[in-house]
Amino acid sequence: MPCPALPEGFDFTDPDLLHHRVPLPEFAELRRAEPVRWIPQSDNVAGFQDEGYWAVTRHADVKYVSTHPELFSSWQNTAIIRFNEHIERDAIDMQRLILLNMDPPEHTRVRQIVQRVFTPRAIRALEERLRDRAHAIARNARAQDGTFDFVTEVACELPLQAIAELIGIPQDDRAKIFDWSNKMISYDDPEYAITEEVGAESATELIAYAMNMAADRKQCPAKDIVTTLVAAEDEGNLNSDEFGFFVLMLSVAGNETTRNAITHGMHAFLTHPDQWELYKRERPQTAAEEIVRWATPVNAFQRTATQDLELGGKQIKKGERVGIFYAAANHDPEVFTDPGSFDILRDPNPHLGFGGGGPHYCLGKSLAVLEIDLIFNAIADALPGLTLTGEPDRLRSAWINGVKHLQVQAG
């Protein structure tokens, strides 16, 4: 099998790369010729004091890594595949307190507690309020005069409101949560001029806010999710620190990712007008899953090998980092017919946009699917003639497939 024709020094986690595009042609080349490939990194660019990582690009291999936490650890180096050369190891290790970066059995214990937030009953209780908010968002956007930014006027609002409703954040405080979460992930993007130090300060502020919420509920329990999670710690609930880091994770995993899925989905509809006409006419339940596959808001996470092992014919040594590239898996022609087509009737659709299964499969999948369904139904009702007036302004990031701005017109 010939070696893939990649430029020398090509790195799938280079933030300048994702600033411009998702490297789908290069992923295809790797899947074809070398589905597990060593990607060298020099000068400690990722912050891990090592020499690089293994890129995993086939759907089956991404699932294998995801479902074998005993072989591939999230805890050792966290799930974030690239920080920068200036980060201190203590700052990386601190992130092990986030559920995303835990391994069983600690991960199992915390996840069993926090999944109470995402029961079908809890999601159903939000549905009517979120439907009303979705229609209000679309009506407000329709009232815009001329061109407007779809990200700020439409896509960002419902995910923020959903998470805030879920854990009972007062309306007056919700803008702060949005601001803090933006700063935590935007340190690679020059538009925001945010350093990792500012991102860390935002994380600290968000955690402190959540810990204060937890302390308030312990003093004065209420009939809400926060009380359910933190009251009576000795009965298997979260302590204040754990709750703080859970809210931090929600603000990124439940807010940023769904917002980007909605934005990419709108761009896909407006560049595939036949699909937009089909959606407006039929409102298929399969649309949300295809939007997430197409968008793949998290391009990649990583794991660290806990022992010497073989994957995709390559010998991976204990302690080496393994990058699992969801965007590559979601375009694997062994799994998806015509993966380069945006097809809202695609069924089945075993995409990995919510993770590759295993212990870290997305807790909030049902909420995210609900939000996507609600907002696109509202847009189809209120803004059926929406048109694109500019290209997406992409986020510069090593691992998030993000869009900062998308200019549209109500039509």
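What share of the contacts in the protein chain between residues at least 6 apart in sequence join residues at least 24 apart? In this predicted model, the share is 72%.

## Overall form

The secondary structure of the protein chain consists of 16 helices and twelve strands. Its C-alpha trace spans about 55 × 55 × 40 Å along the principal axes. For 411 residues, a compact globule would be expected to have a radius of gyration near 22 Å, and the 21 Å of the protein chain agrees with that value. Of these 411 residues, 58% count as buried.

## Sheets

One open sheet contains five strands in the order β1-β2-β8-β5-β3, and its pairing is mixed. The edge positions belong to β1 (36-40) and β3 (72-73), each of which pairs on one side only. Within this sheet, strand β2 (residues 52-56) runs parallel to strand β8 (residues 321-325), and four bridges connect the two. One pair of bridge partners consists of A55 and G323, the latter in β8.

Another open sheet has three strands, ordered β4-β12-β9, with antiparallel pairing. Because β4 (147-149) and β9 (387-388) each have a single partner strand, they stand at the edges, and one side of each is left without a neighbour in the sheet. The pairing of β9 with strand β12 (residues 407-409) is antiparallel and extends over two bridges. Here L388 lies opposite V408 of β12. In general, the strands of a sheet are paired through backbone hydrogen bonds, in either a parallel or an antiparallel sense.

## Pocket and cavities

The second largest pocket holds about 340 Å³ of space. Its lining comprises 17 residues, of which V22, H264, W294, R394 and N401 are the closest to the centre. Two elements, α12 (240-271) and α14 (287-295), give two or more residues each to this lining. By residue class, the lining of the second largest pocket divides into eight nonpolar, six polar and three charged residues.

The model also has two cavities of 30 Å³ or more. The volume of the largest cavity is about 40 Å³. Its lining is made up of L160, I163, A164, I169, R174, I177, S251 and N255. Helices α8 (157-167), α9 (174-185) and α12 are the elements that give two or more residues to the lining of the largest cavity. Among these, α8 gives the most, with three residues. Five residues of this lining are nonpolar, two are polar and one is charged.

Helix α12 thus appears in the lining of the second largest pocket and in that of the largest cavity. Helix α12 also contains E242. With a relative accessibility of 17%, E242 falls under the 20% limit and therefore counts as buried. Apart from neighbours within four places in sequence, the contacts of E242 are E106, R109, V110 and N237.

## Backbone features

Most peptide bonds are trans, and most residues other than glycine have a negative phi. The table lists departures from these two patterns.

| Site | Feature | Value |
|---|---|---|
| P104 to P105 | cis peptide bond | omega about 5 degrees |
| D347 to P348 | cis peptide bond | omega near 5 degrees |
| R283 | positive phi | phi near 50 degrees |
| T296 | positive phi | phi about 40 degrees |

Each of these sites can be placed in a loop. P105 belongs to the loop between α4 (89-94) and α5 (106-114). P348 is located in the loop between α15 (326-329) and α16 (365-382).

The positive-phi residues are found on either side of α14. R283 lies in the loop between α13 (273-282) and α14, whereas T296 is in the loop between α14 and β5 (300-305). How do R283 and T296 compare in burial, the one at 23% and the other at 3% relative accessibility? R283 counts as partly exposed, because its 23% lies between the limits of 20% and 50%. T296, at 3%, counts as buried.

Terms used:
Residues numbered from 1 in each chain as written. Predicted model: local features only at pLDDT ≥ 70, side-chain atom pairs only at ≥ 80, totals over all residues. Heavy atoms only, no water. Pairing = 2+ DSSP bridges. 1 Å grid on protein atoms, 1.4 Å probe; cavity = no way out; pocket = protein on both sides within 12 Å on 5 of 7 lines; lining within 4 Å. Points joined across faces, edges and corners; volume = space filled by probe spheres on them. Nonpolar A, V, L, I, M, F, W, Y, C, P; charged D, E, K, R; others polar. Buried < 20%, exposed > 50% of the residue type's maximum accessible area, 1.4 Å probe, protein only. Contact = heavy atoms within 4.5 Å. Rg over C-alpha atoms; globule rule 2.2 N^0.38 Å.
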